[in-house]
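User: I am new to this structure. Please take me through it, and give the reasoning behind each label.

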Amino acid sequence: MDVRSAQLFLHLATSLNFAKTSDQMFVSRFTLTRVIQRLEQELNTSLFERDKRSVRLTSAGERVQRFVRLWLDEWHQLQLDLQLTSAELSGTLRIFCTVTASYSHLPALLDKFRLQCPKAEVQLTTGDASAAIERIRADEADVAIAAYPEQLPANMFFENISTVPVRLIAPVIPCRVNDLLAQQPINWNEVPMILPEHGPARSRFDKWLADKAITPAVVAKVDGHEAMVSMVALGSGITIVPEPVLQHSPVRERVRILEPEYQYKPFELGVCMLHKRRQEPLLQAFWQLVLKN
């Protein structure tokens, strides 16, 4: 059993979903199945019970899961010990952030990090901000740039790097949305709305709706702020987005900012990582740069 096979097994043992593990670990479903089959052949036992509706660990699978988790922890510790004896830091730093953060806030940090750790490799993955904490917990990323979550897990650090305003936006093109917004007073219950699927943006949207006693006419629930701006530009509805997303959107000229008499709570954008990994050389070097930023 090699390290990659162990990582794939451990992720599947947690997700119990071949499609999810295949997608998040960047392997084909066929390759993942072959890895599990090979492990089962090596151990001469079944690790998972599978049917058309579910995947479950066998009792042997649960024992292997405990062993693999300890083995990978030891492997990470070995890498850490070897790095500490090296004059220059090397290895891979896995960063997760949104597409917008990858060019609005990350470059300044990476420029400094590369100067300090020229031998280190950076592996960047982008996705919806609401997935950041889960990516770290699942060991799919070492650090994440994301908005401060509604509940920060006790085993994680978070360091603020920016305060991000939130804007309510509407389309520019003539459409039913703008016809409804032109009415005085505006009947917000009739205005089509695009809701974030979840995360900090969704909680702010929900608070606005509750404070204004609005029963929203929801036309879509969307993962990803960039996609929400595009939907507004097409005239589908209104939504709220962080200001940097709007500033860097390729369709920013096709949307406009509404100015309702309401102040949305801004995002606290920052870097987060697990407590137990903060002393690892590469993560410590990156974290020190964040503190100095």
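User: Why does leucine 124 count as partly exposed?

Analyst: This is a predicted model, so all values here are computed from it. Leucine 124 has a relative accessibility of 40%. Buried means under 20%, and exposed means over 50%. The value for leucine 124 falls in between, so the residue counts as partly exposed.

User: Where is leucine 124 found, and what is it in contact with?

Analyst: Leucine 124 is found in strand β4, residues 119-126. Leaving aside neighbours within four places in sequence, leucine 124 is in contact with Ile95, Cys97, Ser102 and Leu106. Threonine 100 is 24 residues away along the chain, and its C-alpha atom is separated from that of leucine 124 by 13 Å.

User: Please step back to the whole protein. How many helices and strands are there?

Analyst: The protein has 12 helices and 12 strands. Its C-alpha trace spans about 70 × 50 × 30 Å along the principal axes. Of the 293 residues, 46% are buried. Among contacts between residues at least 6 apart in sequence, 70% join residues at least 24 apart.

User: What makes a set of residues a nonpolar core, and which members of the largest one touch the most others?

Analyst: The members must be buried residues of nonpolar kinds, joined through side-chain atoms within 4.5 Å. The largest such core has 47 residues. Phe113, Ile145, Trp208, Ile238, Val271 and Phe286 touch the most other members. Helix α12, residues 281-292, gives the most to this core, with seven residues. A second, separate core has 20 residues, including Leu8, Leu32, Val35 and Leu72.

User: What is isoleucine 145 in contact with?

Analyst: Its neighbours within four places in sequence are left aside. Among the contacts of isoleucine 145 are Phe96, Ala101, Leu109, Ile161, Leu269 and Val271.

User: Why is α6 called oblique to α12?

Analyst: Two packed helices are described by the angle between their axes and the distance between the axes. Helix α6, residues 106-116, packs with α12 at an angle of about 130°. Their axes are 10 Å apart. Roughly perpendicular takes 65 to 115 degrees, and roughly antiparallel takes over 145. The angle of about 130° fits neither range, so α6 is oblique to α12. The crossing of α6 and α12 is right-handed.

User: Which residues make that contact between α6 and α12?

Analyst: From α6 come Leu109, Leu110, Lys112, Phe113 and Gln116. From α12 come Leu282, Ala285, Phe286, Leu289 and Val290. They divide into eight nonpolar, one polar and one charged.

User: How do you know that α1 and α3 are roughly perpendicular?

Analyst: Helix α3 covers residues 29-43, and α1 packs with α3 at an angle of about 100°. The range for roughly perpendicular is 65 to 115 degrees. The angle lies within that range, so α1 and α3 are roughly perpendicular to each other. Their axes are 10 Å apart. Ser5, Leu8, Phe9 and Leu12 of α1 make the contact with Leu32, Val35, Ile36, Arg38 and Leu39 of α3. These residues divide into seven nonpolar, one polar and one charged.

User: Is leucine 89 buried or partly exposed, and what makes it so?

Analyst: Leucine 89 has 22% relative accessibility. Buried needs a value under 20%. Leucine 89 misses that cut-off, so it counts as partly exposed. Its place is in the loop between α4 (59-84) and β3 (90-97). Leucine 89 and leucine 282 are 193 residues apart in sequence, and 6.6 Å apart in space, C-alpha to C-alpha.

User: Why is alanine 213 called exposed?

Analyst: Exposed means over 50% relative accessible area. Alanine 213 has 62%, so it counts as exposed. Alanine 213 is found in the loop between α9 (200-211) and β9 (217-222). Its phi is near 55°, a positive value in a residue other than glycine.

User: What is the phi of leucine 16, and where does this residue lie?

Analyst: Phi of leucine 16 is near 50°, a positive value in a residue other than glycine. Leucine 16 lies in the loop between α1 (3-15) and α2 (18-24). Its relative accessible area is 34%, so leucine 16 is partly exposed.

Notes:
Residues are numbered from 1 along each chain as its sequence is written. This is a predicted model: local features need pLDDT of at least 70, side-chain atom pairs count only at pLDDT 80 or more; totals for chains, interfaces and linings use all residues. Side-chain values use heavy atoms; hydrogens and water are left out. Buried means under 20% relative accessible area, exposed over 50%, partly exposed in between (1.4 Å probe, protein chains only). Helices (H or I, at least four residues) and strands (E, at least two) are DSSP runs, numbered from the N terminus. Contact means heavy atoms within 4.5 Å. Axes are lines fitted to C-alpha atoms, for helices over the stretch in contact, and angles run from 0 to 180 degrees between N-to-C directions. Angles under 35 degrees count as roughly parallel, over 145 as roughly antiparallel, 65 to 115 as roughly perpendicular and the rest as oblique. A crossing is left-handed if the near helix is turned anticlockwise from the far one by less than a right angle, and right-handed if clockwise. Ala, Val, Leu, Ile, Met, Phe, Trp, Tyr, Cys and Pro count as nonpolar, Asp, Glu, Lys and Arg as charged, and the others, Gly among them, as polar.
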